[in-house]
Amino acid sequence: MGVDSLWVAFALLLVIEGLLPFVAPRFWRETFRRLTELTDGQLRFVGLASIVVGALFLLLLRDA
């Protein structure tokens, strides 16, 4: 995985992250408001779950 691949991955992250606020700003704002009300432990769990799902997805893509 070269530096170019990392830049492509970062660009795709920005595109995906921007889709929801662009398509459904009211829903995005409400979801973000709810996230701010979570405890630190709950936020850490969400972060950990995202890491695990992302890592598993990468493993599946690597083997495909």
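These are my notebook entries on salt bridges, aromatic pairs, a nonpolar surface patch and the largest pocket in a predicted model.

**Entry 1, salt bridges**

I began with the charged side chains, since side chains of opposite charge can pair when their charged atoms come close. My count came to four salt bridges, and I then went through several of them one by one.

I looked first at Glu30, where the side chain of Arg33 meets that of Glu30 in a salt bridge with an N to O distance of 2.4 Å. Both residues belong to helix 2, which covers residues 25-36, and Arg33 and Glu30 stand three residues apart there, about one turn of the helix. I also looked up how open the two partners are: Arg33 has a relative accessible area of 38% and is partly exposed, while Glu30, at 30%, is likewise put down as partly exposed.

Glu30 has a further partner in Arg34, and for this salt bridge I noted 3.5 Å between the closest N and O atoms. Arg34 and Glu30 are again both in helix 2, here four residues apart, which is about one turn of the helix. Arg34 has a relative accessibility of 54% and therefore counts as exposed, the cut-off for that word being over 50%.

When I followed the links further, I found that Glu30, Arg33, Arg34 and Glu37 are joined in a network of salt bridges.

I then turned to Arg62 and Asp63, whose side chains meet in a salt bridge at 3.8 Å, N to O. That distance falls within the 4 Å allowed for a salt bridge. Both partners are exposed, as I read 61% relative accessibility for Asp63 and 63% for Arg62.

**Entry 2, aromatic pairs**

Next I asked myself how many aromatic pairs the structure holds. There are two aromatic pairs. Trp7 and Phe10 make an edge-to-face pair, because their ring planes stand at 80 degrees, with the ring centres 6.2 Å apart. The angle is what decides the label here, as planes over 60 degrees apart count as edge-to-face. Trp7 and Phe10 are three residues apart in helix 1, which covers residues 3-23, so about one helical turn separates them. I noted Trp7 as exposed, with a relative accessible area of 57%, and Phe10 as partly exposed, with 43%.

The other pair I looked up is that of Trp28 and Phe32, which is stacked, with 15 degrees between the planes and 5.4 Å from centre to centre. Trp28 and Phe32 both lie in helix 2, four residues apart, again about one turn of the helix. I found both to be partly exposed, Trp28 at 36% relative accessibility and Phe32 with a relative accessible area of 47%.

**Entry 3, nonpolar surface patch**

I then looked for nonpolar side chains on the surface, and noted a patch of about 760 Å² made by Val8, Leu12, Val15, Ile16, Leu19, Phe22 and Val23. I picked out Leu19 for a closer look: Leu19 lies in helix 1, and its relative accessible area of 46% makes it partly exposed.

**Entry 4, largest pocket**

Last, I asked which residues line the largest pocket. Its lining consists of Ala9, Leu12, Leu13, Ile16, Glu17, Ser50, Val53 and Gly54, and I wrote down a volume of about 330 Å³ for this pocket. The elements giving two or more residues to the lining are helix 1 and helix 3, the latter covering 40-63. Helix 1 gives the most, with five residues.

Reading this list against the patch of the previous entry, I saw that Leu12 and Ile16 are named in both, as members of the nonpolar patch and as part of the lining of the largest pocket.

Terms used
Residues numbered from 1 in each chain as written. Predicted model: local features only at pLDDT ≥ 70, side-chain atom pairs only at ≥ 80, totals over all residues. Heavy atoms only, no water. Buried < 20%, exposed > 50% of the residue type's maximum accessible area, 1.4 Å probe, protein only. Phe/Tyr/Trp six-rings, centres within 6.5 Å; stacked < 30°, edge-to-face > 60°. Patch = residues over 30% accessible without salt bridge, like charges linked within 9 Å, V, L, I, M, F, W, Y side chains within 5 Å. Areas by Shrake-Rupley, 256 points an atom, 1.4 Å probe, with all protein chains shown as cover. 1 Å grid on protein atoms, 1.4 Å probe; cavity = no way out; pocket = protein on both sides within 12 Å on 5 of 7 lines; lining within 4 Å. Points joined across faces, edges and corners; volume = space filled by probe spheres on them.
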